[in-house]
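Biologist: Please take me closely through the interior of this model. Start with the packing, then turn to any empty space.

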Amino acid sequence: MAMTMNGEVQLAAPREAVWEKLNDPAVLKACIPGCEELEKTEDGGFRATAKMKVGPVSARFKGKVMLSDLDPPNGYKISGEGEGGVAGFAKGGAAVRLAEKDGGTLLSYDVEAQIGGKLAQLGQRLINGTAKKLADEFFANFAKAVQG
């Protein structure tokens, strides 16, 4: 099952500060809902573990995350994949762009993801609703982290 999502969030911080936080594993770990572990790897990516609940399915996903198309402080592409055992798998990516706006930074994102296994059987509406909720939660947490 494939899904796409996009959005933007206005942050009251300079673009360079937002860029710095987007590349800080401690900040990202604190902002990602359910994230239990996020460590930098030698190849410039991250190893991650996150516990997720989608409808009746709970799973611990272990995976890797890579950053590419780095264009400091304007944006990057983040992509990753995770295995959740019997719950299934998830993989996807997001293009993240930063622009100066109204004395702060406008962060916009376009996400593409694919899921399989038990999760994919839950239905598009539940998956999309959960994905939007997780994205909203991440950006609310991230906005707090950026604004100190």
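Modeller: Contact means heavy atoms within 4.5 Å. The model is predicted, so local features need pLDDT of at least 70 and side-chain atom pairs 80 or more, while totals for chains, interfaces and linings use all residues. Residues are numbered from 1 along each chain as its sequence is written, and side-chain values use heavy atoms, without hydrogens or water.

Begin at Leu11. Leaving out residues up to four places away in sequence, Leu11 touches Val18, Gly104, Thr105, Leu107, Phe142, Ala143 and Gln147. Leu11 also belongs to the largest nonpolar core (buried Ala, Val, Leu, Ile, Met, Phe, Trp, Tyr and Cys joined through side-chain atoms within 4.5 Å; buried is under 20% relative accessible area, 1.4 Å probe, protein chains only). That core has 37 residues; Leu11, Val18, Leu22, Leu107 and Phe142 touch the most other members. H3 (a DSSP run of H or I, at least four residues; strands are E, at least two) gives the most to this core, 8 residues.

Now the empty space. The structure holds 1 cavity of 30 Å³ or more (points on a 1 Å grid where a 1.4 Å probe fits but cannot get out; lining residues have an atom within 4 Å of a point). The largest cavity contains about 1300 Å³, the space filled by probe spheres set on the points, joined across faces, edges and corners. Its lining counts 45 residues; Ile32, Met52, Ala90, Val111 and Leu134 lie nearest the centre. Elements giving two or more residues to that lining include strand E1 (2–11), strand E7 (104–116) and helix H3 (124–146).

Methods. 1 Å grid on protein atoms, 1.4 Å probe; cavity = no way out; pocket = protein on both sides within 12 Å on 5 of 7 lines; lining within 4 Å. Buried < 20%, exposed > 50% of the residue type's maximum accessible area, 1.4 Å probe, protein only.
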